[in-house]
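Please examine the sequence and the structure shown below. The paragraphs that follow give a guided reading of them.

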Amino acid sequence: MAATTSAASAAAALTRRHDGHHSVFPAFSVHPPEPSRLFLLKALPKPYPFLCHTYPIAASSRRCMLPLTPHAALVDPSHAFLSADEDKPRDECGVVGIIGDPDAAQLCSLALHALQHRGQEGAGIVSSDGSSLHSATGLGLVSEVFSDPATLAPLVGEASIGHVRYSTAGAASSLANVQPFVAGYRFGKLAVAHNGNLVNYRNLRSALESKGSIFNSSSDTEVILHLIATSSSRPLLARIVEACEALEGAYSLVFLTANKLFAVRDPHGFRPLVMGRRRPTGAIVFASETCALDLINAEFVREVNPGEVVVVDSRDMSITSLCLMPSKSRKACVFEHVYFALPNSVVFGHPVHSSRYSFGAALARESPAPSADIVIPVPDSGFFAALGFAEASGLPFRQGLIRSHYVGRTFIEPDKEGRNLAVKLKLAPVRGILEGKSVVVVDDSIVRGTTSSKIVQLIKAAGGAREVHMRIASPPIVGSCYYGVDTPSSEELISNRMDVEGVRQEIGCESLAFLSLESLRGVFADEAHMFCDACFTRDYPVPPRNQEVEQLVEV
């Protein structure tokens, strides 16, 4: 009881200087955070194209700046990666954290498989055995980076964090930008994995560089480590909170030290982060989506709340849960439900498949297609919206397009013929279903419009459809996202340049309709104000700094 009282007092002391309240995770005892003696960030060069390192936790005896290493880009800029998804926004990252299981790294790799849709350019895992951090990172898919059991073998210990990524905030596809990052301080090491995007990244980096910080990557995540390293607060928990107070934008973070795992979410809660528990080991798991929990047999416990820091100590598996950052209006990314998340996930408290079904049903009521014969989805993300549209309209639901899952990632010369071939490699029309029919094609979104026009041509020319009526289960995208989503600049967004009729003519369909913003919000009812829909409205909860915008939209 005395230990618990002391812990609560320590937590309250840390909390008072922020917003005057804190919460303790109810199912576990609270343990006071152990003081951490961390000091200097070391730049850690990573060779191309794969890296495996062990970092002793022992204190560093002197300041050490390692030389920067140039890295080759993953893709020749004269070529382009083309697929049926080339016209979709891309979520930047997925994160996993596991503590309290002897197979932590292996479980982490499985969980990253479940999150592969959130990032396909690189993957990495850092593990802790209580005295050293062990790291393995590489470019490519999880199955490529960790295909050899020998890669996972050095990742020993009962705690690990993992990451899959797309490039963000100007971060090129080089190994130097593949997370988790590992930083060296005076008294130890710290690893971090980040999902999100900081709108004040360049300002923060410039300020840190003016004080002598040396950066080894072009990722905004490295700024977080420098802020922690230069903080004078104690213990590490306070350093993390102080660093996060300087951040603007979206961040769901997992940190790993020798014996602790930290999970942090930004005060607006832009990106998802959930907590679960494995049976029978009792291991605690954090992940970007619940589908990752399902794959490794972890039970969903709850979300990490916006502005919350959760600390798990591996020595006794005690959990400290503190709301240490000032409370702000919740603004969860609505596009997680439109496209990003897997349909078998529960995101922001709502089943994703149910949301998409409701989007489609609302779209059918708003914009029916009376002359249509059948409804087909653009696989895979349009499936549940198309099902909702079909059932609400009374039209037959058919699989008129078959998606190939075996094409892989192919780099093709970016001419018109190559781009058309990329779509044909991914999507094949079923002529026996489409021929002579008036078809409603349901997709989740239109960004540039390039892929939508190719799909319309494919359904008509190869499928033999008489008419194509496009129905989009989200409002027109008119604004770029600055919170961890790779969207083009506003000038490239077709709905920002054209009205609905102009878009219809551009993609070549007989009719086109988008889900209205009112109907989208209606699906979430009283919680609609808790979702960020700035890509549809340009109403940004955290406006980007003017000098940041050009850099952010170029990723």
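In this predicted model, cysteine 535 is in contact with Phe335, Pro476, Ile477, Val478 and Gly479, leaving aside its neighbours within four places in sequence. Cysteine 535 itself belongs to helix H18, which covers residues 534-537. Its relative accessible area is 12%, and because buried means under 20%, cysteine 535 counts as buried.

Cysteine 535 also appears in a record. UniProt, in an unreviewed entry, places the feature "binding site" at Cys333, Cys481, Cys532 and Cys535. These positions are spread over 203 residues of sequence, yet they cluster in space, with a largest C-alpha distance of 10.1 Å. Another of these positions, cysteine 481, is located in the loop that runs between strand S25 (467-472) and strand S26 (485-486). Cysteine 481 is buried as well, since its relative accessibility is 17%.

Phe335, one of the contacts of cysteine 535, leads to the next topic. The largest nonpolar core has 48 residues, and those touching the most other members are Phe335, Val375, Val440, Tyr483, Leu520 and Phe536. Several elements each supply at least two residues of this core, including helix H9 (335-340), strand S24 (438-443) and H18. Helix H10 provides the largest share, 5 residues. Domain 1 (43-75 + 91-328) and domain 2 (346-537) both contribute residues, so this core lies between them. Apart from it there is another core, of 33 residues, among them Tyr201, Leu225, Tyr251 and Leu253.

Valine 375 offers a view of the surroundings of one core residue. Not counting residues up to four places away in sequence, its contacts include Ala386, Phe389, Pro396, Val440 and Val442.

How values were computed
Residues are numbered from 1 along each chain as its sequence is written. This is a predicted model: local features need pLDDT of at least 70, side-chain atom pairs count only at pLDDT 80 or more; totals for chains, interfaces and linings use all residues. Side-chain values use heavy atoms; hydrogens and water are left out. UniProt positions are given in the numbering used here, feature names are shortened, and annotations may be inferred rather than shown by experiment. Helices (H or I, at least four residues) and strands (E, at least two) are DSSP runs, numbered from the N terminus. Buried means under 20% relative accessible area, exposed over 50%, partly exposed in between (1.4 Å probe, protein chains only). Contact means heavy atoms within 4.5 Å. A nonpolar core is a set of buried Ala, Val, Leu, Ile, Met, Phe, Trp, Tyr and Cys residues joined through side-chain atoms within 4.5 Å. Domain bounds come from an automatic or database domain assignment.
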